[in-house]
Amino acid sequence: MKTEPNRAADRVSEDELHALVDGRLNDVQRQAIETRLAGDPVALATRIAWQRQRDALRALHPSLLEEAIPPSLLVAAQRAAGARQQVNGWWRWGGVAAGVVCVFGLGWMARGLDTAPGASAQLVAESRAPSAARDFVRQASVAHMVYAPEVRHPVEVGAAQQEHLVQWLSKRLERSLKVPDLRAQGYELVGGRLLPGTDGARAQFMFENAERQRVTLYLGALSHVAGADAPGAAPSPDRTESAFSFSADGPVPGFYWVDQGFGYALAGALSRAQLMELAQAVYRQL
Amino acid sequence: MPRQALVDHIPGLRRYARALTADAWLADDLVQDTLERACSKWRLWLVGSDLRAWLFALMHNVHVNHVRRAMRDARSGQLVDVDNLADTLAAPATGHETGLDLQRCLVRLPEDQRAVLLLVTLEDMSYAQVAQVLKVPVGTVMSRLSRARSRLRELMDAGGAQVMPPGPVAAATGDAAPVLRRMK
């Protein structure tokens with residue numbers, strides 16, 4: 001060792017150089033290697049080159065850390081987080097409590113405004129829905145409450161432009177949509193609009209009968225609902241579907257269901273039986 | 001829920017993807033596909049485990065698939081070498097900024113070496129984390145890292161642009177690996 005200090009055992013290994021350059025050593029280790037490097041010009045040159053490389057690489061594309069995230073990526077993240085929430089918080093209620101209080105408040109107000117007779121009475125009656133679906137149906141209900149009373153601007157695109165409406169919303173929801181025909185039940189299409197939901201874009205179609213009663217159909221991607229990814233479950237296309245469920249959680253009651261990863265909620269200040277009839281009519285046509 | 005956590009990782013994922021692919025469009029495509037994959041694979045992420053490492057592992061898999069597809073496309077028709085492709089997609093030479101030279105040299109590294117080098121430097125991951133992300137033994141990480149650093153050093157010393165052609169030549173010298181042979 002003493003005779004040929006640059007040979008064999010005393011030589012700084014590549015692994016040691018990596019650890020040194022990447023800052024993976026404690027002070028003692030680092031100093032020991034630095035000392036040995038002093039007598040090994042080849043390794044020292046490598047160390048300098050690698051250090052320079054590392055510094056340059058660390059400075060690569062810094063602007064990407066600052067600039068705004070493209071909306072498409074935010075939507076994808078939103079969708080992923082939504083999926084996680086469904087997987088994770090399926091039967092967990094704690095996090096939902098605040099939402100329930102909020103809904104209760106809205107329901108109370110709605111009763112005061114006389115938009116939803118009967119709705120508030122049932123407000124906390126049924127609450128078995130899993131949180132993601134609950135969230136979905138609650139948003140449907142709130143969207144109904146917000147837009148259904150509108151006189152001048154109930155929809156963004158009116159029924160006169162139905163074809164455009166369907167094309168537009170199909171494009172935004174990335175799924176071929178159909179507007180159900182509810183004329184047999186006495187309801188005409190008013191039009192529709194695009195809305196933001198937890199998982200991305202949602203659409204709302206509004207219908208109205210001769211007595212000016214309105215119902216809204218709210219829809220949007222809702223993958224993984226109904227425990228589609230339940231641990232150990234055999235993958236089955238049927239698992240993305242769910243039965244009809246009634247919810248009186250929101251300001252107005254509604255029926256909701258999931259079909260092929262898409263959620264649907266039909267909401268309106270109607271009786272459960274009336275809503276059921278309409279929901280079934282919609283379901284048959286989609 | 002980890003929506004914000006997820007969003008917080010997007011800038012890092014974008015930067016890594018950009019360095020990996022040398023192309024803004026391809027990079028965001030890669031991030032997008034990674035997030036979509038996260039959406040369908042969430043159940044496999046254990047709460048409390050390293051979200052960032054998990055996302056990078058997903059991205060690695062997606063990238064490998066993208067590269068394979070590009071190779072397949074190349075074989076069936078247009079003669080496009082992946083390395084050449086990445087090189088032409090890199091930003092045009094608008095001067096001699098180190099970043100551009102570096103990026104141009106970077107795309108000449110074999111895929112697996114580039115990934116290791118970027119995870120270790122750009123992402124500052126530990127060797128064990130890199131091994132976990134790429135699903136290879138730590139020993140493999142270290143040997144790839146050695147080859148990547150030596151190769152990149154050669155490329156940078158040679159002046160970036162006018163170096164030897166990519167492909168088989170690069171692979172051959174990369175394998176030789178007696179790193180400390182270069183004298184100043």
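Colleague: Which residue of β7(A) does W257(A) stand opposite?
Modeller: Happy to look, bearing in mind that this is a predicted model. Strand β6 (residues 254–259) of chain A is joined to β7(A) by six bridges, and the two run antiparallel. In β7(A), the residue standing opposite W257(A) is Y264(A).

Colleague: And which residue has a positive phi in the turn between β6(A) and β7(A)?
Modeller: These two strands form a hairpin, with two residues between them. The turn residue with a positive phi, about 50°, is Q260(A).

Colleague: Where does L219(A) fit in; which residue of β7(A) does it stand opposite?
Modeller: Strand β4 (residues 214–221) of chain A pairs with β7(A) over seven bridges, in the antiparallel sense. Opposite L219(A) in β7(A) stands Y264(A).

Colleague: How many residues of β7(A) are buried?
Modeller: β7(A) covers residues 262–268 and is mostly covered. Of its seven residues, the number buried is six.

Colleague: Moving between chains, how are α3(A) and α8(B) oriented: roughly parallel or roughly perpendicular?
Modeller: Helix α3 (residues 41–58) of chain A and helix α8 (residues 138–157) of chain B have axes that come within 10 Å and cross at roughly 90°. Angles of 65 to 115 degrees count as roughly perpendicular. The crossing therefore makes α3(A), relative to α8(B), roughly perpendicular.

Colleague: Nice! How many charged residues are in that contact of α3(A) with α8(B)?
Modeller: α3(A) brings A49(A), W50(A) and Q53(A), while α8(B) brings R149(B), L152(B) and R153(B). By class, three are nonpolar and one is polar, and the number of charged residues is two.

Note on methods:
Residues numbered from 1 in each chain as written. Chains lettered and ligands numbered in written order. Predicted model: local features only at pLDDT ≥ 70, side-chain atom pairs only at ≥ 80, totals over all residues. Axes fitted to C-alpha atoms, helices over the stretch in contact; angles between N-to-C directions. Helix = DSSP H or I, 4+ residues; strand = E, 2+ residues; numbered from the N terminus. Parallel < 35°, antiparallel > 145°, perpendicular 65-115°, else oblique. Contact = placed C-beta atoms within 7 Å. Nonpolar A, V, L, I, M, F, W, Y, C, P; charged D, E, K, R; others polar. Buried ≥ 20, exposed ≤ 12 C-beta atoms within 10 Å, placed from the backbone. Pairing = 2+ DSSP bridges.
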